[in-house]
Amino acid sequence: MKRVINSLSVNLYGHPEKQAIVFVHGFPYDHTMWMNQINALKEDYFCVAYDIRGLGESYVGDGQYTMEAYVMDLFSVIEGLNLKKPIVCGLSMGGYITLRALEISQDVFSAAILCDTRAEADGDKGKLGRAQKINQINVEGLRAFVESFVPTCFAEKSKEDLKELYNEIINRSSGNDPIGVKGALFAMLSRTSTKRFLKDISIPTLILVGEKDGLTPPNVMKKMAEKIKGAKFKVVPKAGHMSPIENPSFVNEAIKGFLKKKVK
Ligand code: MLT
């Protein structure tokens, strides 16, 4: 079932009476990146997967986004559906949003799953890289940017093994509104660090990272996990930055095991 809440396209799977999991996707993707997890979890959980503002089928507006506006969107989905203590699961940019949401109000959630993400803000090199990407979209168009960026998110072997899906993801991402994609780049380059807050996270947390993730590598995520009290850390074999897509069976089992133990 699909609902529109606060101009966001929100997709619902499973029974609303069950424990909710809210999925927050990465950049420049949409909620469909979570379909393997949703299919594995929707019998036992109420799965909520929305498209982040500016991406997928959600409202684009003027593209003047911030991480904080994305967090308000996440809270608006939770309020709009009247979810009680949902679990939040974010990947990469979705993880930046999740970490800032926890910093603002972790009591809203019963547990957090952070996939292939980081707490640090962009350094100067990172910011300049974002500026180049915005320029590339302006000069060469969105498809050229997507075709150069998406390959950096997947392990080499996954690109071959998942060829059809991988090409579909490139096509789908190229179909986004360039204003929304550039807005996301601005929001990421202007975000501040959530590193100092990690020690204050007190809800159960699972951290997953693809063994071949070149964007948010295992050593970065391990350090993050060490700062969060009691966090469970798992490296996803045979996966790059898009671990839920590249090795769904491992990620699904890791999530199921974590939730069974940690969340009533
Ligand atoms: C993502 O997957 O959301 C992006 O790689 C995040 C980023 O570019 O920092």
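This section describes the fold, two backbone features and the ligand site of a predicted model.

The chain folds into 11 helices and eight strands. Its radius of gyration is 17 Å, close to the 18 Å that the globule rule gives for 264 residues, so the chain is as compact as a globular protein of that length. Along the principal axes, the C-alpha trace spans about 50 × 40 × 35 Å.

Two backbone features were noted. Most peptide bonds are trans, and most residues other than glycine have a negative phi. The bond from Phe27 to Pro28 is cis, with omega near 0°. Pro28 is placed in the loop between strand S3 (20–24) and helix H1 (35–41). Phe27, on the other side of that cis bond, is also one of the residues around the ligand. The second feature is at Ser7. This residue is not a glycine, yet its phi is positive, about 65°. Ser7 belongs to the loop that runs between strand S1 (2–5) and strand S2 (8–13).

The ligand was examined next. It sits in the largest pocket. The residues around it are Gly26, Phe27, Ser92, Met93, Tyr96, Arg130, Phe149, Met188, Leu215 and His241. By class, this shell has six nonpolar, three polar and one charged residues. Arg130 is the charged member.

Side chains of the shell make polar contacts with ligand oxygen atoms. For Tyr96, a polar side-chain atom lies 2.5 Å from an oxygen atom of the ligand. For Arg130, the distance between a side-chain N or O atom and a ligand oxygen atom is 2.8 Å. For Ser92, the corresponding distance from a side-chain N or O atom to a ligand oxygen atom is 3.0 Å. On its own, the ligand has 270 Å² of accessible area, and the protein covers 93% of this.

Definitions and conventions. Residues numbered from 1 in each chain as written. Predicted model: local features only at pLDDT ≥ 70, side-chain atom pairs only at ≥ 80, totals over all residues. Heavy atoms only, no water. Near = heavy atom within 4 Å. Polar contact = N/O pair within 3.5 Å; in protein donor to acceptor, adjacent residues only side chain to side chain. Areas by Shrake-Rupley, 256 points an atom, 1.4 Å probe, with all protein chains shown as cover. 1 Å grid on protein atoms, 1.4 Å probe; cavity = no way out; pocket = protein on both sides within 12 Å on 5 of 7 lines; lining within 4 Å. Sits in = over half its atoms within 2 Å of the grid points. Helix = DSSP H or I, 4+ residues; strand = E, 2+ residues; numbered from the N terminus. Rg over C-alpha atoms; globule rule 2.2 N^0.38 Å.
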